[in-house]
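Here are some notes to read alongside the model, written for someone meeting such a structure early on. Please keep the sequence and the 3D view open while going through the points.

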Amino acid sequence: MTTTDLWQNGWLATARRVDSPNFGARPAGAEVSLVVLHNISLPPEEFGGAYVEQFFTNRLNPATHPYFAGIADVKVSAHFFLRRDGELAQFVSADARAWHAGTSSWQGRDNCNDYSIGVELEGSDSQPFTSAQYAALWSLLDAIRAAYPVVAVAGHEHVAPGRKSDPGACFDWSALAERFPQFIVGGASSSPQAADKVAQSVFFE
Ligand SMILES: [Zn+2]
């Protein structure tokens, strides 16, 4: 596929499109230079349900699970969601600003949502990601690289150290660095102690 076939207005042809209302415009002139990786599971540590998709589209029923009552009104999104089996969903055009990183900074530049693409991996801080997810992530990063001037891939834990812990210690950063030697990978400016400062794990990461 050519880049033109692969992307239409920031929507990736190989992803299942699920529109989220939780997005805005990127600031004028903002170049997409960063990919931020996350993990999420709803309920925490449970995989395979429709709840993440419902959460990102403001359709999560607070009565379904006790955990949902506390987050049902939270308005967040990510550009992409990668299931355990490698299925890829897209909620926000990569040309637009999704709401995934929150208060964040990468190499001295605040507000990562302005200039990043957010990718949520279905998972948790305590369980290894699947080989299907890595394969799909590599394909996704290839597609992103073909269309956007991305120079780095960081974790939420790296752009919000002490506040966020995802994708967590189970994510194989060395495999990513080996597959994408052209990217700055992981916490280029964070300390390894940062994860220890995370007071509690938050699962709508
Ligand atoms: Zn996160």
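1. A good place to begin is strand 5, which is joined to strand 11 (residues 116-122) by 7 bridges, the two strands running parallel. Strands here are DSSP runs of E with at least two residues, helices are runs of H or I with at least four residues, and both are numbered from the N terminus; two strands count as paired if DSSP finds at least two bridges between them.

2. Two points about how to read this note belong here. This is a predicted model, in which local features need pLDDT of at least 70 and side-chain atom pairs count only at pLDDT 80 or more, while totals for chains, interfaces and linings use all residues. Residues are numbered from 1 along each chain as its sequence is written.

3. Within the pairing of strands 5 and 11, Val36 has Gly118 as its bridge partner, and His38 stands opposite Glu120. Strand 5 also pairs with strand 12 (residues 152-155), again in the parallel sense, over 4 bridges, and there Leu37 has Gly155 as its bridge partner.

4. Is strand 5 (residues 34-40) mostly covered or mostly open? It is mostly covered, since 7 of its 7 residues are buried, where buried means that 20 or more other C-beta atoms, placed from the backbone, lie within 10 Å of the residue's own. Leu34, Val36, His38 and Ile40 point one way from the strand, whereas Val35, Leu37 and Asn39 point the other way, and all are buried.

5. Looking wider, these strands belong to an open sheet of 7 strands with mixed pairing, in the order 3-7-6-11-5-12-13. Its edge strands are strand 3 (16-17) and strand 13 (184-185), each of which pairs on one side only.

6. Helix 4 (residues 131-147) lies across strands 5, 6 (80-82), 7 (88-90), 11 and 12, and runs at about 155° to strand 6; the angle, on a scale from 0 to 180 degrees, is taken between the N-to-C directions of lines fitted to C-alpha atoms, for helices over the stretch in contact.

7. For the chain as a whole, the secondary structure comes to 6 helices and 13 strands. Buried residues make up 40% of the 205 residues, and the C-alpha trace spans about 45 × 40 × 35 Å along its principal axes.

Notes: Buried ≥ 20, exposed ≤ 12 C-beta atoms within 10 Å, placed from the backbone. Contact = placed C-beta atoms within 7 Å.
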